[in-house]
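Biologist: Before I rely on the wording used for this fold, could we go through the helix packing and the pocket, setting each value against its cut-off?

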Amino acid sequence: MPPNDTNPGLPAPLPKTPPKEPRTAALREQLRDRWNRTWDTNGALHKMWQDILRAPEDGPQYMAPWIRTVLMVAGASFVVLMAKTAAEVALQALRTLLTAVPTVQVGVDTSSGVFAVVDQPVRTYIAQHSAGLPVEGSTVYTLWLLTGITGLVLGWLSRNNGVRAMWTVWGAATVFMVWTTTPQNGRTVAAGLTVLAWTFLSAVAMRGLTLRRRVVVGRPAKVTVKPEIHVPVQPPAAEQPSRADCPFRN
């Protein structure tokens, strides 16, 4: 062991080993090299950047496929997001509309006149039979009104058999509710007035409906008569020499 210069009585200290390079530094160096290679002329990121720069000139038809894919996915996501938002707004508006009517109660006087003969029994029937439903009676009453208005308007506009069937079922259900809920003394009159009102409105909802079978008559064929008559005339045959003038006759 070599002697110590500072203190001759003690041995010289051993040389210190150089510190090892940490692993994170080597990893950072590798990542830096790979990043630089991707941005070289033939690197992946360099090619993608060139595709992006050429996209406005190439147009949707000739741009890089991966750009079209990204744009399509982004557009579809935007449409789905907007549709979801619109559906939530529409459902919230419908819920507000359905719950905006007064609370339906048994025997409550919410209408007057001839309309009350039909309206009050319907309200009472709905209030009696919607107690165990997950929706309120006011919502059921509003749906009943909307169904009748829809069948009346669309039946007059579209003349669709499905809409007319909905109108028929709605009217029959209304007559049944009126007949069931009205007191026995006025039940017959109330049901009769309901049928009359339903029949009167059916003249609008069933516009154009007929029970006669449609007979489709075909159109007669068009015959064009032209007075001109063309008779083909063959040209006269060429004159042939008679046998008397033939030098080789028999």
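**Helix packing and the pocket**

Modeller: In this predicted model, the axes of H5 and H6 lie 9 Å apart, and the two helices pack at an angle of about 140°. H5 passes H6 in a left-handed crossing.

Biologist: What makes residues of H5 and H6 count as meeting each other?

Modeller: Contact means heavy atoms within 4.5 Å. On the H5 side the residues include Trp144, Gly148, Gly151, Leu152 and Gly155, and on the H6 side they include Val163, Arg164, Trp167 and Trp170. By class, this contact has eight nonpolar, seven polar and one charged residues, with Gly counted as polar.

Biologist: Why is H4 called oblique to H5?

Modeller: Helix H4 (residues 114-129) and helix H5 (residues 137-158) pack at an angle of about 135°, their axes being 9 Å apart. Angles over 145 degrees count as roughly antiparallel and those from 65 to 115 as roughly perpendicular, so a value that falls in neither range, nor under 35, is oblique. That is why H4 is oblique to H5. The crossing of H4 past H5 is right-handed.

Biologist: Which residues of H4 and H5 meet there, and how do they divide by class?

Modeller: From H4 come Asp119, Val122, Arg123 and Ile126, and they meet Gly137, Val140, Tyr141 and Trp144 of H5. The residues of this contact divide into five nonpolar, one polar and two charged.

Biologist: What makes H4 roughly perpendicular to H6?

Modeller: Their axes come within 8 Å and cross at roughly 80°. The range for roughly perpendicular is 65 to 115 degrees, and the crossing angle therefore makes H4 roughly perpendicular to H6. Among the residues that meet are Val118, Pro121 and Tyr125 in H4, with Phe176, Met177 and Val178 among those in H6. This contact has nine nonpolar, four polar and no charged residues.

Biologist: How do you know which helices line the largest pocket?

Modeller: The largest pocket has a volume of about 410 Å³, and of the 18 residues that line it, the closest to its centre are Phe115, Val118, Trp170, Ala197 and Leu201. A residue belongs to the lining if it has an atom within 4 Å of a point of the pocket. H4, H5, helix H6 (161-181) and helix H7 (187-205) each supply at least two such residues, and the largest share, six residues, comes from H7.

Biologist: How many residues of each class does that lining have?

Modeller: The lining has 14 nonpolar, four polar and no charged residues.

How values were computed
Residues are numbered from 1 along each chain as its sequence is written. This is a predicted model: local features need pLDDT of at least 70, side-chain atom pairs count only at pLDDT 80 or more; totals for chains, interfaces and linings use all residues. Side-chain values use heavy atoms; hydrogens and water are left out. Axes are lines fitted to C-alpha atoms, for helices over the stretch in contact, and angles run from 0 to 180 degrees between N-to-C directions. Helices (H or I, at least four residues) and strands (E, at least two) are DSSP runs, numbered from the N terminus. A crossing is left-handed if the near helix is turned anticlockwise from the far one by less than a right angle, and right-handed if clockwise. On a 1 Å grid over the protein atoms alone, a cavity is a set of points where a 1.4 Å probe fits but cannot get out, and a pocket is an open set with protein on both sides within 12 Å along at least five of seven lines; lining residues have an atom within 4 Å of a point. Grid points are joined across faces, edges and corners, and a volume is the space filled by probe spheres set on the points.
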